[in-house]
Structures are given as structure tokens and as C-alpha cells.
Amino acid sequence: MDYYRQTQLKNYNSFRTEAIAKIFCQPQNVEDLRKCLTDHSQEKKLIIGGGCNLFFTKDFDGLVIHPQIKGLREISDEEDEDEDVFIEVNASENWDEFVAYCVERGFAGLENLSLIPGTVGAAPVQNIGAYGAEVKDVIKEVVAIDIETGEGISFSNIECEFGYRDSIFKRTNKYIIISVVFHLKRTFVYSPKYFDLNKELEDIHEPTIENVREAVIRVRTRKLPDEKVLPNAGSFFKNPYIEQSKVEELSRAYPNLPAYPQKNGLVKTSAAFLIDNAGYKGKCIGNIGTYPNQPLIIVNYGSSDGNDIVNFMREVQNEVKNRFGIELEPEVRIF
Ligand code: EPU
């Protein structure tokens, strides 16, 4: 495995921000990965999968690891072979190619998560979610390596400490995910959970798993920009959780405020709605702006400096805070 010095990271983050990594490597297997950890034990480390949920504001003074560990195997389950399917997928497989693989075979559970950019290994890090589904619902186990010790560790679903766009892997930065074991089903039953998707499928009596994947792809393509054409990192902020009293106060002025009560007593509202109603839908400052079809997405129209994105982010946060008294927290990681 080669080590590259002073490597440009522009093509390793979907926002296309420029930054130089002191050292860069692409391990092809777990042995390579362990070797680069011991060869550079004193260096700061950053792991990049698809690079679809991060950007840079400065150079990275350490080792950037861009794993290329591919492969997939179906694990048969003796006890309940008819219904349950277990598949172990290595971290560097492309997420949507894996979803397509499952949908083709009728393995149910991932279809709502079609067309999300990135790798399989990144999916548990931020517990990717869309159209009423979250990847945590179909993860049995995550296999990782401890960056400090090189030791292999297996995390059960509970041990991953999944939350909304969150997990132990996002919070601690201590592990490199090498594979994920999924628990899927052979029987597909459409459960209507999300307005946009139900609407897309309203003319189909009993949607098949393929119908759902196709519908998700159509909705996403209409609403979300393709990062290859217009650099972005998907939703930029998390949807905020607020108090019921806050919902009542805001609903007087904004009767359409989306409000989804949660089990913990808080209410989830829509960051897109807040940004839209703060006057920031489609608004640009210099080369950075929100996407006209979905203001939760910040897009880069041509800047190479991540600080421009941070400045724009702060302006949106301030405006939303002043107008609604709600803090928007970024979902994207900033380095
Ligand atoms: N809205 C507006 N103005 C707009 C667009 C939306 O007010 O211009 C409001 C509407 O009330 C709408 C609501 O925002 O009903 C929600 O919009 P949408 O259905 O597009 O979903 P979202 O909450 O903005 C979340 C995820 C997306 C995921 C979609 C679909 C987060 C941070 N984002 O967005 O995930 O695709 O739901 O399930 O939870 C991502 O994480 O990168 C991502 C794209």
C-alpha cells in the first residue's frame, strides 16, 4: 500500500472544498488498514468513506484513510431460513448499489433508503434515514477496528447507540467500520409512513419493493441536487426537537408549522420549514446558497473554501434563531 504526501482532498468530499492531507492512503483490506494504523501511530487520523457528509475548512495535519475494502456475503440462518436474510457487507461498497442488489433479490428493508449517496460503512455512522426508515432498523451488527489498538470489535445494534442521525461512531471517532451485518426480510409489505412517498405511490394498489425503490428515486431526484453536478452534502442541518409550549407559541404566527410529537415528550419540527420561512429558500451569498427545491440543503456553486460554507451556515443559524428562537445544529461534519 502506498502513502501519498500532501494530497488534495477536493475529490474526497462532495462539497468539493479544497484541503491538503499531510498523508493519504487507501487500504484494500483489513491487513493494510492495521498496517497504516501502526505505521502512523502518532498521527491524527481521519477516515473518509464516500465523503458525502463532511467538508474541510483547513488542511488536515495527519493521516487521511480512504478505505477500499469491498465484498459481500450472504449468511444463511438455519433457524428461520424462509423469512430472515442476513448479509455481511464490507464498508467500502457503494450504498445504493447494495440497496439495488437487495431490491433485485426481493430482500426487504432498505428500499426507502434508495439513492442515498455514500458507502455502506458510512451508513451506521450517521444512521442514515429517509421516508420513515432508518438504517438502524435493519442493522444486526457493525464490525469495526479500534483506531488506537488495531483490535477488531463487534457492536450489536444496541451497542451502536443509534440516535437520530447519530451513533457511537459519529460521537467518538474511535473506530473504523470494516463491515456491517444487515437483517432483511424475504417478505415485503408496504407500510405507508411518509406523505411524499404515499403520494407518489397512490395509483398503485399494492406497491412492490421495486415500485417503492423507483418512487423513492423519483422523489429524491426531483427534490435533491445531484452532488456530482452541484456539490452538496445532503441535509445540512438536523430537524430540531422543541418543547410543546414552543410549538403552541409558533403555531399562532405559523399555523402550518410541521410538528411530530416524539416518545420523549419533545416535538420534532422541520428545519426546511424554518429556513424557508426565515426567507432563506434559494438564497445565495457569493457561491454558497440553499437549494431552491429543498432549503435544508446547502449547495456550493463554485467556492473551494469551506469557510464560505461555515459563514453561510452561521447566517442561516442566526436568522432562524432570531426569528423562531430555535438553534439549528449541523448534521454535516466540519473539519
Ligand atoms: N418544507 C418547507 N419548504 C420547503 C421544503 C420543505 O417548508 O421548501 C417543509 C415542509 O413542511 C415539508 C417538510 O419541510 O413537509 C419536510 O421536508 P422533507 O419531506 O423534504 O424532509 P426533511 O425533513 O426536510 C428529511 C431528511 C432527509 C430525507 C427526507 C425524506 C433530515 C435532516 N433530513 O428531510 O435526509 O431525505 O427527510 O425522508 O432528517 C439527509 O439526511 O441528507 C437527507 C437528505
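1. Between domain 1 and domain 3, 8 residue pairs are in polar contact, both residues at pLDDT 80 or more. A polar contact is a pair of N or O atoms within 3.5 Å; within protein, one must be able to donate a hydrogen and the other to accept it, and residues adjacent in sequence count only if both atoms are side-chain atoms. Across this interface of domain 1 and domain 3, 0 salt bridges are found (a side-chain nitrogen of Lys or Arg within 4 Å of a carboxyl oxygen of Asp or Glu).

2. The model is predicted: local features need pLDDT of at least 70, side-chain atom pairs count only at pLDDT 80 or more, and totals for chains, interfaces and linings use all residues. Residues are numbered from 1 along each chain as its sequence is written, and side-chain values use heavy atoms, with hydrogens and water left out.

3. The division is into domain 1 (4-65), domain 2 (72-222) and domain 3 (228-334), with bounds from an automatic or database domain assignment. The C-alpha centres of domain 1 and domain 3 are 29 Å apart. To their contact (heavy atoms within 4.5 Å), domain 1 gives 11 residues and domain 3 gives 19 residues.

4. About 1,300 Å² is buried between domain 1 and domain 3, 57% of it from carbon and sulfur atoms. Buried area is the accessible area (1.4 Å probe) that two parts lose on being put together, summed over both. On the domain 1 side, Phe 15, Asn 53 and Phe 55 lose the most area to domain 3, together 54% of what that side buries.

5. One open sheet has 4 strands in the order 1-2-5-3, with mixed pairing. Strands (E, at least two residues) and helices (H or I, at least four) are DSSP runs, numbered from the N terminus; two strands pair if DSSP finds at least two bridges between them. Strand 1 (4-8) and strand 3 (45-47) are the edge strands, each pairing on one side only.

6. Strand 1 runs antiparallel to strand 2 (residues 20-25), joined by 4 bridges; Arg 5 has Ile 23 of strand 2 as its bridge partner. Helix 1 (residues 30-39) packs on this sheet, touching strand 2, strand 3 and strand 5 (60-65), and makes about 160 degrees with strand 5 in direction. Axes are lines fitted to C-alpha atoms, for helices over the stretch in contact, and angles run from 0 to 180 degrees between N-to-C directions.

7. Another open sheet of 4 strands has the order 13-19-18-17 and antiparallel pairing. Strand 13 (232-235) and strand 17 (284-285) each have a single partner strand, so one side of each is left without a neighbour in the sheet. Cys 284 has Gly 289 in strand 18 as its bridge partner.
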